[in-house]
Amino acid sequence: MGTRTSGRGAIAVAIALAMAIAGCSSDGDSASSAETTASVAPSAAPITDAPTEAPTTAEAVTTTDAPTTTEAVTTTTAFTDSGWTKVVPGGDCQCADASEFSFWVRQADPTKVVFFFQGGGACFSADTCSFTDGAYKVTTNDGDDPTGKTGVFDFSDERNPLADYSFVFVPYCTGDVHIGDATTTYAPDLTVQHKGYVNGNAALESLVETFPSATQILVTGESAGSVPTPLYAGLVHDRLPAASITVLADGSGAYPDVPAINTVIGTNWGTTNAIPDWPENAGQTAETWSFPGLFVQSGKHDPDIVFARHDYAYDRIQSFFASLAGIPADDLLQLIDENESQIEASGVDLLSYISPGHDHTVLGRPTFYTETVNGVALVDWVTSLVQGEPVTDEHCEECRTN
């Protein structure tokens, strides 16, 4: 714990996005995708709106290589009156049910960019991965259009520190917290495309090609979308090494590093196919590739990345998923604090803003502008964070609200 400092027209948008290498491929930083047949313990109940850990028991998991689609694709875009542009990258990009994946781009200041990952549950078994009543968001559609959203998406609010930022908004539809690259069969009639990492990299390519002059980049997200933010920050560094990069993860700080869980979830999602080829990642396996470890590995890869997170001390969604994974979650705050200690013991500083209560995520809510801990308003804390000004950890003292 500590302190760290840290007018485009439609034609121009079309040209920039056409230049983007947004056609998906699982080549590059990841190995070829995997096809997996899995049978794991079913979930206790369907859940939405949170990342998850997997049960530690698995009857059988087999993995074989699957071919990667390499044919040329054409990126398509759809312009709206909202300032957001919908991008359909095609290629290997797809949602869990093999439906079309799309993401959204907002053009504002080209030197300042937000790379935002949407949340929406996760899946790891036949029950939780059901396309009709599973535990995650299965497709993307026009309902993902960020137009009219609140919190940091309210660009008319003068308090919003991101009002003049360009945005690349990555919807979620793969059940793998944006870090998977596998085709997994959970039942004879249920095959899931865990292509979150493929989709995320397509959005990253668009960011790099559309905003090549970016000097300030905030990699952020809510719930399941907050889990991969440190990983993608490292990938942003690889593509735009001169940029100042900040991470703000909202709503996933309690999920610990449990090797058995890492193995089951990593095998089903194909996380080892999505481990960047960084020297710091030599020897990483599904067992060692953990959620807290994403901060550690990216922090070692680029020590200049500023890492921060926001959590509610007794987040009811995180508590449920921790319990579902067999992790005692009676004291969720202890898990949050222990994760921070583990990350910082590796030499990676992690700034934190821990609020009281049982809520889940804040960045997309009106309370982003009203939440206060120890007399420090969250909006002011985030403003200082993205402006590279000194901030300190803010931790609730009376953390239970009922």
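## Tyr353 and strand β13

At 0% relative accessibility, Y353 is a buried residue. The model in which Y353 appears is a predicted one. Y353 belongs to strand β13, which covers residues 351-355. Leaving out residues up to four places away in sequence, Y353 touches R309, H310, D311, E371, T372, V373, V376, A377, L378, W381 and E394.

Two separations help to place Y353 within the fold. Y353 and Y312 stand 41 residues apart in sequence, while their C-alpha atoms are 8.6 Å apart in space. The side chain of Y353 also has a polar atom 2.6 Å from the backbone oxygen of V376.

## Val376, the partner of Tyr353

V376 is part of strand β15, which consists of residues 376-377. With a relative accessible area of 24%, V376 is partly exposed, whereas Y353 is buried at 0%. The buried class requires a value under 20%, and V376, at 24%, is therefore not counted in it.

Between V376 and Y353 there are 9.7 Å from C-alpha to C-alpha, and the two are 23 residues apart along the chain. Beyond residues up to four places away in sequence, V376 touches Y353, E371, W381 and E394. The residues E371, W381 and E394 are also among those touched by Y353.

## Thr383 in helix α8

Helix α8, residues 378-386, contains T383. The relative accessible area of T383 is 19%, and this residue is buried. Since buried means under 20%, the value of 19% places T383 within that class.

A polar atom of the T383 side chain lies 2.6 Å from the backbone oxygen of V379. When neighbours within four places in sequence are set aside, T383 is in contact with R159 and P161.

## Helix α3 and its surroundings

Helix α3 spans residues 229-239, and 9 of its 11 residues are buried, so this helix is largely enclosed by the rest of the structure. The buried residues are T229, P230, L231, Y232, A233, G234, L235, V236 and H237. They pack against several elements: β6 (109-117), α2 (196-210), β10 (216-222), β11 (244-250), α5 and β12.

One residue of α5, H301, illustrates the connection with this region. H301 is buried, with a relative accessible area of 17%. Its contacts, leaving aside neighbours within four places in sequence, are G234, H237, D238, W278 and E280. Of these contacts, G234 and H237 appear among the buried residues of α3.

## The largest cavity

Rolling a probe the size of a water molecule over the atoms shows where empty space is left. The largest cavity has a volume of about 110 Å³. Elements giving two or more residues to its lining are α5 (291-301), β12 (306-312) and α7 (332-345). Helix α5 supplies the largest share, with 3 residues.

The lining of the largest cavity is formed by V227, A249, S252, G253, Y255, F291, P292, F295, R309, D311, N339 and I343. By class, these lining residues comprise 7 nonpolar, 3 polar and 2 charged. Two of them, R309 and D311, are also among the residues touched by Y353.

## The largest pocket

The largest pocket holds about 320 Å³ of space. Its lining consists of 17 residues, and those nearest its centre are Q118, G119, K149, F169 and E222. The lining of this pocket divides into 4 nonpolar, 7 polar and 6 charged residues.

## Two residues with positive phi

A98 is not a glycine, yet it has a positive phi of about 70 degrees. The position of A98 is in the loop that joins β4 (84-88) and β5 (103-106).

V177, likewise not a glycine, has a positive phi of about 45 degrees. This residue is located in the loop between β7 (165-170) and β8 (182-187). V177 is buried, its relative accessible area being 0%.

## The chain as a whole

The protein chain contains 8 helices and 16 strands. It has 402 residues, of which 60% count as buried. Its accessible surface amounts to about 14,600 Å², and 51% of that surface belongs to carbon and sulfur atoms.

Technical notes. Residues are numbered from 1 along each chain as its sequence is written. This is a predicted model: local features need pLDDT of at least 70, side-chain atom pairs count only at pLDDT 80 or more; totals for chains, interfaces and linings use all residues. Side-chain values use heavy atoms; hydrogens and water are left out. On a 1 Å grid over the protein atoms alone, a cavity is a set of points where a 1.4 Å probe fits but cannot get out, and a pocket is an open set with protein on both sides within 12 Å along at least five of seven lines; lining residues have an atom within 4 Å of a point. Grid points are joined across faces, edges and corners, and a volume is the space filled by probe spheres set on the points. Ala, Val, Leu, Ile, Met, Phe, Trp, Tyr, Cys and Pro count as nonpolar, Asp, Glu, Lys and Arg as charged, and the others, Gly among them, as polar. Helices (H or I, at least four residues) and strands (E, at least two) are DSSP runs, numbered from the N terminus. Buried means under 20% relative accessible area, exposed over 50%, partly exposed in between (1.4 Å probe, protein chains only). A polar contact is a pair of N or O atoms within 3.5 Å; within protein, one must be able to donate a hydrogen and the other to accept it, and residues adjacent in sequence count only if both atoms are side-chain atoms. Contact means heavy atoms within 4.5 Å. Accessible areas come from the Shrake-Rupley method with a 1.4 Å probe; for residues, only the protein chains shown count as cover.
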